[in-house]
Amino acid sequence: MTSSVLVVLFLSLLFVVPYDKVAAQSVGVCYGTLGNNLPSRPEAVQLIQSVGFNKVRLYGPGLDALDALRKTGIEVNLGIFNVDLQRMANDASFARSWISTNIQPYLPDVNFKYITVGNEVIPHAEAQYVLPAMKNMVNALARWVSETTSRCPRPLTWGSSASPILPLKVHFPAKAAPIMGPIVQFLASTRAPLMVNVYPYFSYVGNRQAIQLDYALFTANRVVVKDPNNGLEYRNLFDAMVDSVYSAMERAGAAGVGIQVSESGWPSAGGDPAVTTIGNAQTYNQNLVRHAAQGTPKRPGPIEIFVFALFNENQKTPVGIENNWGLFYPNKQPVYPISLN
């Protein structure tokens with residue numbers, strides 16, 4: 001194995017299987033652990049398997065979670081904690097030790113697919129460290145693969161989840177553009193994806209006068225927005241938001257970069273009682289799962305999506321909607337049913 005460690009390989013495989021299987025293979029779940037009443041890691045992994053998710057996003061290396069994922073076949077998107085970005089940016093040896101500690105001991109039992117550098121750090125203070133941290137991680141991965149070819153079971157892909165939650169725009173926001181431009185150009189040079197958290201919920205509640213609820217929930221039965229520049233038609237806000245990122249990357253000189261939706265979901269409680277309902281959360285997430293096989297008007301075809309989140313987490317702040325994104329309560333009972341087929 002050579003520099004293919006940096007290459008996304010899953011798209012060509014997903015196009016050749018039936019529609020329902022494409023949807024299932026394109027959808028994972030975000031497993032957060034900010035709760036003091038959550039099930040054990042092995043119980044959580046069993047729950048992930050029971051739903052049929054074959055991908056999971058972890059926000060940082062937790063050794064017990066990785067142990068629980070051994071020999072399950074579940075693809076793992078493993079994040080680097082934001083607090084580690086500065087050190088990883090400034091110290092190339094830290095990137096190498098991070099791989100030695102958090103990847104190497106779990107191979108071949110854990111099916112790592114992505115390493116995610118940063119999460120929602122732009123335009124915050126950590127933003128300055130994202131690109132140098134990415135470069136150090138890329139170099140560390142390449143060096144590690146060259147030294148351990150016989151022991152690496154499959155290509156790893158790295159990416160950045162550095163982008164903010166973006167509204168419908170054709171440019172990156174002014175505060176983010178100086179950081180995002182070089183990042184997406186670097187992603188283009190290495191053929192790695194940009195991982196974007198897409199939340200129609202926040203766009204809707206922030207602008208109800210302009211956005212209708214059915215457009216946010218995937219239930220509009222009409223064209224709501226037509227792009228005057230290319231004639232593309234939009235029936236849901238999710239597609240418009242994802243395509244706005246594609247357009248922003250094109251304008252930044254990175255037209256070939258793909259997108260993985262690293263978070264998307266809808267809260268079931270904690271906000272406006274007419275909006276944050278179990279029914280709306282189920283409607284959004286079920287439609288999100290179905291939509292994974294379709295892609296967007298600008299980029300048709302399967303798109304990888306991670307549903308946020310596995311559990312309601314009682315230690316997230318501020319208290320309210322942040323505690324009510326889960327598919328499951330901490331007692332492992334479903335907040336609502338969801339099907340991956």
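## Starting at Phe218

Let's begin in the loop between α10 and β7, where Phe218 lies. The model we are exploring is a predicted one, and Phe218 gives us a good way in. Is this residue buried or exposed? With a relative accessible area of 15%, Phe218 falls under the 20% cut-off, so it counts as buried. Its backbone deserves a look as well: phi of Phe218 is near 70°, a positive value in a residue other than glycine.

The loop that holds Phe218 also contains Val223. Val223 has a relative accessible area of 34%, which makes it partly exposed. Setting aside neighbours within four places in sequence, Val223 is in contact with Glu233, Tyr234 and Arg235. Take Arg235 from that group: 12 residues separate it from Val223 along the chain, while 4.8 Å separates their C-alpha atoms.

## The chain as a whole

Now let's step back. How many helices and strands does the chain have? The secondary structure comes to 12 helices and 10 strands. The chain has 341 residues, and 55% of them count as buried.

Contacts tell us about the fold too. Among contacts in the chain with a separation of 6 or more, 71% are between residues 24 or more positions apart.

## Aromatic rings

A pair of aromatic rings is described by the distance of the centres and the angle of the planes. Searching the whole structure turns up 12 aromatic pairs. In one of them, the ring centres of Phe218 and Phe238 are 5.7 Å apart and the planes meet at 40°, so this pair is tilted. Phe218 sits in the loop between α10 (213-216) and β7 (225-226), whereas Phe238 is in helix α11 (residues 237-251), so the pair ties together parts 20 residues apart in sequence. Phe238 is buried, just as Phe218 is.

Trp266 and Tyr284 make another tilted pair, with 5.6 Å from centre to centre and 35° between the planes. What does this pair tie together? Trp266 is in the loop between β9 (259-264) and α12 (278-291), and Tyr284 is in helix α12, so the pair links parts that are 18 residues apart in sequence. Trp266 and Tyr284 are both buried.

These four residues belong to one aromatic cluster, formed by Tyr199, Tyr201, Phe202, Phe218, Phe238, Trp266, Tyr284, Phe308 and Trp325. Elsewhere, an aromatic ring has a charged partner: Lys135 lies over the face of Phe186, at 5.7 Å from the ring centre.

## The largest pocket

Rolling a probe the size of a water molecule over the atoms shows where empty space is left. The largest pocket in this model has a volume of about 830 Å³. Its lining is made up of 35 residues, and those nearest the centre are Leu34, Tyr59, Asn119, Glu263 and Lys316. Elements giving two or more residues to the lining are β2 (55-58), α4 (63-68), β3 (75-80) and β4 (111-119).

Which element provides the largest share of the lining? That is β4, with 3 residues. By residue type, the lining divides into 15 nonpolar, 11 polar and 9 charged residues.

## Backbone details

Two peptide bonds are worth finding in the structure. One joins Phe308 and Ala309; this bond is cis, with omega about 10°. Ala309 has its place in the segment after β10 (305-307). The other cis peptide bond joins Thr317 and Pro318, with omega about -5°. Pro318 is also located in the segment after β10.

Arg191 has a positive phi of about 60°, although it is not a glycine. You can find Arg191 in the loop between α8 (177-190) and β6 (194-197). Is Arg191 buried or exposed? Its relative accessible area is 58%, and the cut-off for exposed is over 50%, so Arg191 counts as exposed.

## One more stop in α11

To finish, return to helix α11, where Ser247 has its place. Ser247 has a relative accessible area of 13%, so it is buried. Leaving aside neighbours within four places in sequence, Ser247 is in contact with Val170 and Lys298.

Technical notes. Residues are numbered from 1 along each chain as its sequence is written. This is a predicted model: local features need pLDDT of at least 70, side-chain atom pairs count only at pLDDT 80 or more; totals for chains, interfaces and linings use all residues. Side-chain values use heavy atoms; hydrogens and water are left out. On a 1 Å grid over the protein atoms alone, a cavity is a set of points where a 1.4 Å probe fits but cannot get out, and a pocket is an open set with protein on both sides within 12 Å along at least five of seven lines; lining residues have an atom within 4 Å of a point. Grid points are joined across faces, edges and corners, and a volume is the space filled by probe spheres set on the points. Helices (H or I, at least four residues) and strands (E, at least two) are DSSP runs, numbered from the N terminus. Ala, Val, Leu, Ile, Met, Phe, Trp, Tyr, Cys and Pro count as nonpolar, Asp, Glu, Lys and Arg as charged, and the others, Gly among them, as polar. Rings of Phe, Tyr and Trp (its six-membered ring) pair if their centres lie within 6.5 Å; planes under 30 degrees apart count as stacked, over 60 as edge-to-face and the rest as tilted. Buried means under 20% relative accessible area, exposed over 50%, partly exposed in between (1.4 Å probe, protein chains only). A charge sits over a ring if NZ of Lys or CZ of Arg is within 6 Å of the ring centre and within 35 degrees of the ring normal. Contact means heavy atoms within 4.5 Å.
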